[in-house]
Amino acid sequence: MKREVSINAAMALALLAVPIIALQMGQTFTITLATRIAILALAATGLNLALGLGGLVSFGHAAFFGIGGYAAGILSAHALSGEPMIFGFEGSQAMLTIWLVAAVIAGLVGLGIGAVSLRTSGVYFIMITLAFAQMIFYFAISWPAYGGEDGLSIAVRNKFPGLNTMRPMEFFLVAYGLLMLTLGLFGLIRSSRFGAALQAVRQNDVRVASIGIKPFPIRLTAFVLSAMITALAGALYADLNRFVSPSMFSWHMSGELIVLIILGGTGRLFGPLAGAALYVILEFVLGGITERWQFFLGLILLAVVLFARGGVMGLLAGKARHG
Amino acid sequence: MTFALALEQLLNGVQLGFMLFLMAAGLTLVFGVMGLINLAHGSLYMVGAFACAAVAAATGSFWLGLAASLAFAAGAGALMEVTVIRRLYSRDHLEQVLATYALILIFSEGTRWLFGSFPLYLDIPPLLQGAVSLPGGAQYPLYRLAIIATGAAVAMGLYLLISRTRLGMRIRAGESDREMIAALGVDIRTLYTLVFALGAALAGLAGAMVGAIQSVQVGMGEPVLILAFVVIIIGGIGSIKGAFVGALTVGVVDTMGRFLLPQLLTFFVSPADAKPMGAAIASMLIYLVMAFILAVKPRGLFPAQA
């Protein structure tokens, strides 16, 4: 366990150190890569709450990621055009406001999807979450008001008090800070009474029910929290690319989030970060060597599932305590 | 809205339904017998379409292409089962999802490698070109009717195979208790490979037949795969009967929704708004139907006895 803590600290420091060094050397692209890692890790940390701790294999978290992205895109588009939204709300370019809206909407949608999906379990749950995400994906494609299939550009990155988010390093710090806060929150949740109940539900829900704890509300709470965190990452991702499109809702995105978690190590605190770092670096390195990089990525993923169970964290820090 | 147009749309819905049945039958069999969730089923559909288009282009015969699609998809399925899928039966669903997701990446990029990024085109065979007059005066393409007939024949054949033959008996036995039939001396590994290849062949057949009315391209399997998931959730995972009812439901609801909703909405909003709004709601319709069915029956319409 001690070893895992020091590996976690090393990873957190490395993620901070690399962009600082890159900034000194004037390599802006490396900072963007590090920002991408932080944002994907944040999204996967959200999913890790449901999937890793709760055992809820959601194959539809792209829905929440996309909701976050569209919250950022739509609010800033209205703020720029001055065209009021519903209730005379004028949109916003403040990240904090956008995050709040993104989290609340994703939470509400997550409540709806969760309430229906959690009536099922196992494969049904996997497929029904996938189906709900597809439903939102097709809605985003065919709804013309905000760009439809073409997506929506964000002219200027949204603002964070005291920072100039158009500078890559300062935007990175926003993403990094949010990731670290969320990892802290994840750690707190995991060791809380709620977290204990959630993990117990994953291991044996009949036993948990028999000692008087209802599994359903616990799972639903975890699912909603998980949706909200993933939406925050979506909002940041939209700001990173300054563009949102329905592809944020696509099932490839949901698949990618699951991949990040398993690559890193399911249920591990820093698993999503390890997975995201490995994934983005692989994508970058393989993409530099061959344009067929997805083919080789597939082979690597396959090898990880078949032969390296436990992911990066499993290799580095040994088996997880719980199981 | 005329009667003839509505009839045409209804037939389109039925045709989509039979297509989906070919996909869903394989998925649901593989899940029912092996307990495996296979995301790469859409890749087998793509393999069938590409095999058909390539062989038809080389030989000039659609029918040889169709035979090739069955052979290649079954072969790819068997290969997939022996090399990868076999190791996943004892794993949990999460790992199955990830491994078959990796297979999709490999198949899609591999196909792009072999055939390039441009779509291939497949012509409807001369025998099935032309149209048939429907009651009400509309013309309906013969080829689409042939798809419906093929789908119905496969459904019938599958029913007979499962309920009347020795292989079918073993498949049913494998569904209810795999240790027991292995103990009785049935070679369970070969049986699994056979079932997987059968499902793959059906997916390949579906891909080849649809290839002639749409373009044959990388990624064509994924939208169909997700619809097939909806089908087997509605029908109850593991049930062939459920897959059949679910496929026709999804096919007809989806097609008729896209056709009727924009027209219905003109009663409530302006025609300019009705079209996009109708299209947006129609694209969500089957998922709403699925959510409703699951809310009433969480294990689908025809839950397989687990």
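This passage looks at the overall build of chain B and then at one residue of chain A, Ala200(A). The model is a predicted one.

Chain B is mostly a story of helices: 11 helices turn up in it, next to 2 strands. Walking along the sequence, the order reads α-α-α-α-β-β-α-α-α-α-α-α-α. As for overall dimensions, the C-alpha atoms of chain B fit a box of roughly 65 × 50 × 35 Å along the principal axes. The radius of gyration of chain B is 20 Å, and a compact globule of 306 residues would come out near 19 Å, so the two agree.

What about the inside and the outside? Of the 306 residues in chain B, 55% count as buried. The accessible surface of chain B adds up to about 12,600 Å², and carbon and sulfur atoms account for 68% of that. Contacts in chain B often reach a long way along the sequence: taking those between residues at least 6 apart, 77% link residues at least 24 apart. On the charge side, chain B carries 16 positive and 13 negative side chains, with the centres of the two sets 7 Å apart.

Over in chain A, Ala200(A) sits in helix α7, which covers residues 193-203. Is Ala200(A) buried or exposed? Neither label fits, because its relative accessible area is 27%, while buried means under 20% and exposed over 50%; Ala200(A) is therefore partly exposed. Setting aside neighbours within four places in sequence, Ala200(A) is in contact with Asp205(A) and Val208(A). Leu53(A) is 147 residues away from Ala200(A) along the chain, yet their C-alpha atoms are separated by 9.0 Å.

Terms used. Residues numbered from 1 in each chain as written. Chains lettered and ligands numbered in written order. Predicted model: local features only at pLDDT ≥ 70, side-chain atom pairs only at ≥ 80, totals over all residues. Heavy atoms only, no water. Helix = DSSP H or I, 4+ residues; strand = E, 2+ residues; numbered from the N terminus. Rg over C-alpha atoms; globule rule 2.2 N^0.38 Å. Buried < 20%, exposed > 50% of the residue type's maximum accessible area, 1.4 Å probe, protein only. Contact = heavy atoms within 4.5 Å. Areas by Shrake-Rupley, 256 points an atom, 1.4 Å probe, with all protein chains shown as cover. Lys, Arg positive; Asp, Glu negative; His and termini not counted. Charge placed at Lys NZ, Arg CZ, Asp CG, Glu CD.
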